Amino acid sequence: MRNNLTQLPLCLFCCLSLWIFFTEMVMSRNTTIPVKVGVVLDMDTWLGKMGLSCISMALSDFYASHGHYKTRLVLEIRDSKRDVVGAAAAALDLLQNEEVQAIIGPASSMQANFVIGLGDKAHVPIISFSATSPSLSSLRSRYFVRATLNDSAQVPAIRAIVQAFGWRQVVLIYSDNEYGNGVIPYLTDALQEIDTRISYRSVIHPLATDDQILEELYKLMTMPTRVFIVHMFTPLGPRLFTRAYEIGMMEEGFVWILTDGLTDVLSALDDSVIDSMQGVLGVKPHVPRSKELESFKIRWKRKIQQEYPTNESFELNIFGLWAYDAASGLAMAVEKLGATNFSFQKSNTSRNSTDLDTVGVSQIGPNLLQSLLSTRFKGLSGHFQIFNRQLRSSAFQVVNVIGKGERGVGFWTPENGTVRKLHSTSKTNLGTIVWPGESPSVPKGWVLPTNEKKMRIGVPVTKGSGKFVKVTRDPSTNATEVTGFSIAVFDAVMAALPYAVPYEYIPFQTPDGEPAGDYNDLIYQVYLKKYDAVVGDTTILANRSLYVDFTLPYTESGVSMVVPIVDRRRKNAWVFLKPLTWDLWVTSSCFFVFIGFVIWVLEHRVNKDFRGPRSHQVGTIFWFSFSTLVFAQKERIVSNLARFVVIIWLFVVLILTQSYTASLTSMLTVQQLNPTITDINELIKKGERVGCQHASFVHEFLIESMKFDESNLVIYESTEVLDELFSKGRIAAAFDEIPYIKLFLAKYCSKYTAVGPTYKFDGFGFVFPKGSPLVADVSRQVLNVTEGAKMLQFEKAWFGQTTSCPELTNSVSSNSIGLNSFWGLFLIAGVASFVALITCITTFLYENRDALINLNSPSSIWRKIKAMVTRFDHKDLRSHTFRKSDQLQDKRHQSHGCSYTNFPPSPPSLLLPTHNNFAFFREQGTPSSGHADPVSPNRPMSPHILFEYELANINHEQTRPLVIE
């Protein structure tokens with residue numbers, strides 16, 4: 001009983017809630033606002049049937065989950081009957097009679113092109129879920145909304161596939177209608193960005209017969225390109241692949257890439273068509289998996305089978321999902337406007353007005369458009385967002401047709417490009433792809449044309465040495481044989497290709513065997529498709545690359561100048577000055593004088609060889625320093641510091657003299673081969689005549705780039721003729737390419753040399769038509785051949801052994817020796833001399849410090865300096881050299897009975913000698929630096945007494961010159 005009482009309030013609450021819910025439902029049905037929306041589709045096509053079913057299911061699902069919304073879309077359906085005019089008439093009827101606020105459709109881009117104008121006039125949004133042509137964007141219609149991807153959105157994905165496999169040429173196959181033509185400009189621009197050329201455009205009418213399709217396919221088979229990009233709808237696409245399979249164009253070596261127009265409907269194609277498309281690649285918009293999508297597919301399959309029980313092959317594709325999302329988005333946009341005036345403003349019409357003039361203007365159109373453009377939600381096809389009045393693109397899936405259907409092999413996203421997994425950022429290749437013919441290897445994308453047996457290779461005919469290309473004719477058999485260095489390299493390159501390429505050489509000559517033109521004329525024949533390639537000594541030039549493609553160069557090139565060389569050995573009277581430059585001569589002379597002065601300073605107080613009259617000592621300075629050149633100095637060196645300086649200086653002199661001797665010997669004996677001309681501008685200023693090779697671009701280069709007068713150019717055809725021109729003095733120089741210069745110098749290296757700057761060019765290369773797929777493979781093999789031993793064999797076979805000729809140089813080096821080679825030695829000698837000099841002066845000042853300190857304070861600094869100089873000029877009797885000489889003199893005096901003790905005592909005045917007394921001592925030969933005590937001649941005078949004497953008599957020295965010993 002108690003349980004029943006507790007359940008009673010719960011039952012009452014449930015009943016009240018149900019009553020309120022049903023009441024709201026009834027009220028909502030009575031208060032909803034109907035909004036008319038037109039639907040223009042081709043009802044007899046599968047796209048129309050699928051689109052209409054998806055639109056109706058979208059509205060049912062939307063309002064079932066949003067029953068409280070105030071607005072309800074009411075569909076007004078019209079059949080466009082696969083006709084452009086029918087679509088326009090249906091849209092006009094909806095605008096005039098039904099006054100719809102929006103139109104979903106039409107199905108095709110051509111129909112939308114007409115309906116868009118009506119929408120602009122009535123301010124009614126035209127929402128298409130299947131009009132994908134990029135050309136519709138150029139109309140710049142304000143009221144056209146593309147609830148689908150633009151066909152140009154898939155172009156980057158297709159470009160990435162072509163670039164990933166390195167295909168350089170493709171053929172576009174597309175339908176001749178608005179859908180087919182719209183994407184072609186975008187594909188062309190995208191492929192040009194990766195240097196891929198569109199070799200042919202195959203345009204097929206949508207109503208073409210099978211015979212017309214076969215005729216076009218047979219034409220494609222005769223072309224070398226094997227990469228085909230197909231952009232078309234059904235039923236033309238399946239018919240194309242069925243015919244291609246029948247004639248063998250789905251075998252190994254072919255590449256087929258589908259746009260999303262066919263890739264999206266692969267699941268709906270017959271098994272026979274799928275069997276004929278094995279190995280085909282395709283791109284389509286990626287649809288993320290979701291529970292809502294799987295549930296919708298099941299419900300849609302059940303609904304479509306009920307409506308069309310006789311057709312069991314119906315499959316849902318991306319267009320049905322876009323139709324579902326477009327209807328859902330439109331319902332959201334209308335609901336956001338709320339209860340408003342959904343009416344038309346009638347236009348004022350006259351009796352003579354047309355039906356177009358009677359179309360009214362929607363009052364809510366601009367607001368509805370803005371509401372739709374701002375609507376965002378997660379739909380069945382992915383994230384629904386209108387950007388620039390079209391659905392924002394996301395990822396594309398790359399699929400491979402294998403077995404009974406398709407298999408995903410990768411994805412393309414705007415952020416990461418081609419990836420194997422969608423959310424991966426690593427740049428990995430696509431998954432395993434099975435190519436047509438069940439081939440696992442990537443097709444190279446081209447083959448030799450089936451309508452030609454051999455490639456026609458043009459070769460130049462020249463009258464030169466024939467080292468690069470030589471054409472000979474057998475008189476008996478009239479057969480032509482082509483040989484030469486260039487021919488040998490090309491044969492080796494073609495033999496190294498991983499596939500066979502038959503070819504034959506055809507000389508570029510007239511019937512009488514003369515050259516049919518120059519190299520430019522020969523290369524232009526490739527542009528005219530008269531030759532498939534050109535092999536020879538053809539230089540890679542920028543203006544030539546505008547018409548043809550070159551491989552990588554197989555030899556270096558460049559333009560340089562050849563001039564005669566003369567022996568300019570220096571045989572004049574002043575040749576002995578040439579081994580050293582002027583700066584080295586000056587530096588050496590200054591160091592000779594400086595070293596002599598340093599030695600005099602170091603030896604003057606202790607060595608009698610460096611004493612005497614002033615002129616004698618100056619001569620000694622110069623004599624000693626310059627006599628070291630021949631190591632003939634006779635003066636004995638007694639000071640250790642002087643010995644240290646002399647040893648270093650003799651080492652410097654030794655190196656300097658040996659270098660001078662070697663350089664002078666070279667100048668007088670070695671042959672000095674120097675060019676007669678080193679400056680090109682000198683040739684131009686003087687108007688000298690120069691030579692250039694026949695049929696070479698150098699002739700044009702000299703006139704246009706170097707500004708030579710054409711009348712000063714002399715043409716030659718062989719190395720022998722060039723030597724003759726030089727010998728006769730008809731030309732002062734010759735300009736040619738480096739390979740020809742090497743051939744010429746190998747034969748005449750003792751008479752000529754190459755000088756001046758080398759003007760760089762890319763070298764010799766093989767010529768192919770613009771965009772030829774052979775260029776990449778041949779260039780790769782050129783690298784292999786030139787880097788291997790074969791190249792050396794070819795050079796040895798055609799150019800012979802390399803002679804010991806002077807190397808090509810840009811300037812003539814000087815034989816004179818400069819200061820840069822010896823400044824290190826001079827630096828060492830200078831530092832050693834300064835160190836010795838400073839050491840000597842410092843030692844002298846230190847030994848005489850007491851005398852310098854005891855000077856009278858009133859004495860000026862200049863007098864003190866002069867006194868110190870005077871003292872420095874005196875002999876240093878403490879030196880061992882003078883002590884030995886004094887001992888010898890004492891012995892002589894004792895032997896003659898002379899002794900200092902026998903002299904009478906000196907007067908007191910001698911304790912402070914006067915100037916005259918000092919002069920007497922000097923005249924008697926008594927050394928001034930000795931200043932013996934007059935009382936005791938054998939004992940030196942006190943330094944203090946001596947320095948006071950010198951300072952007291954300093955004024956007398958100003959009137960009487962000091963006699964330097």
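Visitor: How many salt bridges does the structure hold?

Guide: Side chains of opposite charge can pair when their charged atoms come close. In this predicted model, the count of salt bridges is 20.

Visitor: Which residue forms a salt bridge with Arg159?

Guide: Arg159 pairs with Glu193, and the closest N and O atoms are 2.4 Å apart. Arg159 belongs to helix 5 (residues 155-165) and Glu193 to helix 7 (residues 184-193), so the bridge ties together parts that are 34 residues apart in sequence.

Visitor: Are Arg159 and Glu193 buried or exposed, and what values decide the class?

Guide: Arg159 has a relative accessible area of 23% and is partly exposed. Glu193 counts as exposed because its relative accessibility is 58%, and the cut-off for that class is over 50%.

Visitor: Where in the chain do Asp275 and Lys404 lie?

Guide: Their side chains meet in a salt bridge at 3.9 Å, N to O. This pair links distant parts of the chain, 129 residues apart: Asp275 is in helix 11 (residues 271-275), and Lys404 is in the loop between strand 16 (396-402) and strand 17 (405-413). Asp275 is partly exposed at 37% relative accessibility, whereas Lys404 is exposed, with a relative accessible area of 63%.

Visitor: What separates Asp777 and Arg780 in helix 24?

Guide: The side chains of Asp777 and Arg780 form a salt bridge of 3.0 Å, N to O. The two residues are 3 positions apart in helix 24 (residues 774-786), which means that about one helical turn separates them. Asp777 is buried, with a relative accessible area of 16%, while Arg780 is partly exposed at 47%. Elsewhere, Lys36, Arg78, Asp93 and Glu98 are joined into one network by salt bridges that share partners.

Visitor: On to empty space. How many cavities of 30 Å³ or more are there?

Guide: Rolling a probe the size of a water molecule over the atoms shows where empty space is left. Here there are 3 cavities of 30 Å³ or more. The largest cavity has a volume of about 420 Å³. Its lining has 32 residues, and the closest to the cavity centre are Asp537, Gln693, Glu717, Asp736 and Tyr740.

Visitor: Which element supplies the largest share of that lining?

Guide: Helix 23 does, with 4 residues of the lining of the largest cavity. At least two lining residues come from each of helix 22 (719-727), strand 29 (733-737) and helix 23 (738-748).

Visitor: How many residues of each class are in the lining of the largest cavity?

Guide: The lining of the largest cavity is made up of 14 nonpolar, 11 polar and 7 charged residues.

Visitor: Turning to the surface, which residues form the nonpolar patch?

Guide: The nonpolar patch consists of Val593, Val618, Phe622, Phe626, Leu629 and Val630, which together have about 480 Å² of accessible area. Helix 18 (residues 614-627) gives the largest share of the patch, 3 residues.

Visitor: Where is Val618 found, and is it buried or exposed?

Guide: Val618 is found in helix 18. Its relative accessibility is 41%, so Val618 counts as partly exposed.

Visitor: Next, the backbone. Which residue does a cis peptide bond join to Pro106?

Guide: The cis bond joins Gly105 to Pro106, with omega about -5°. Pro106 is in the loop between strand 3 (102-104) and helix 4 (109-122).

Visitor: What is omega for the peptide bond from Thr234 to Pro235?

Guide: Omega is near 5° for the bond from Thr234 to Pro235, and this bond is cis. Pro235 sits in the loop between strand 8 (227-231) and helix 9 (236-246).

Visitor: Last, phi. What is the value for Lys81, and what is it for His123?

Guide: Lys81 is not a glycine, yet has a positive phi of about 60°. Lys81 lies in the loop between strand 2 (71-79) and helix 3 (84-98). At 63% relative accessibility, Lys81 is classed as exposed. For His123, also a residue other than glycine, phi is positive and near 55°. His123 lies in the loop between helix 4 and strand 4 (126-128). With a relative accessible area of 28%, His123 is partly exposed.

Definitions and conventions: Residues numbered from 1 in each chain as written. Predicted model: local features only at pLDDT ≥ 70, side-chain atom pairs only at ≥ 80, totals over all residues. Heavy atoms only, no water. 1 Å grid on protein atoms, 1.4 Å probe; cavity = no way out; pocket = protein on both sides within 12 Å on 5 of 7 lines; lining within 4 Å. Points joined across faces, edges and corners; volume = space filled by probe spheres on them. Nonpolar A, V, L, I, M, F, W, Y, C, P; charged D, E, K, R; others polar. Patch = residues over 30% accessible without salt bridge, like charges linked within 9 Å, V, L, I, M, F, W, Y side chains within 5 Å. Areas by Shrake-Rupley, 256 points an atom, 1.4 Å probe, with all protein chains shown as cover. Salt bridge = Lys/Arg side-chain N within 4 Å of Asp/Glu carboxyl O. Buried < 20%, exposed > 50% of the residue type's maximum accessible area, 1.4 Å probe, protein only.
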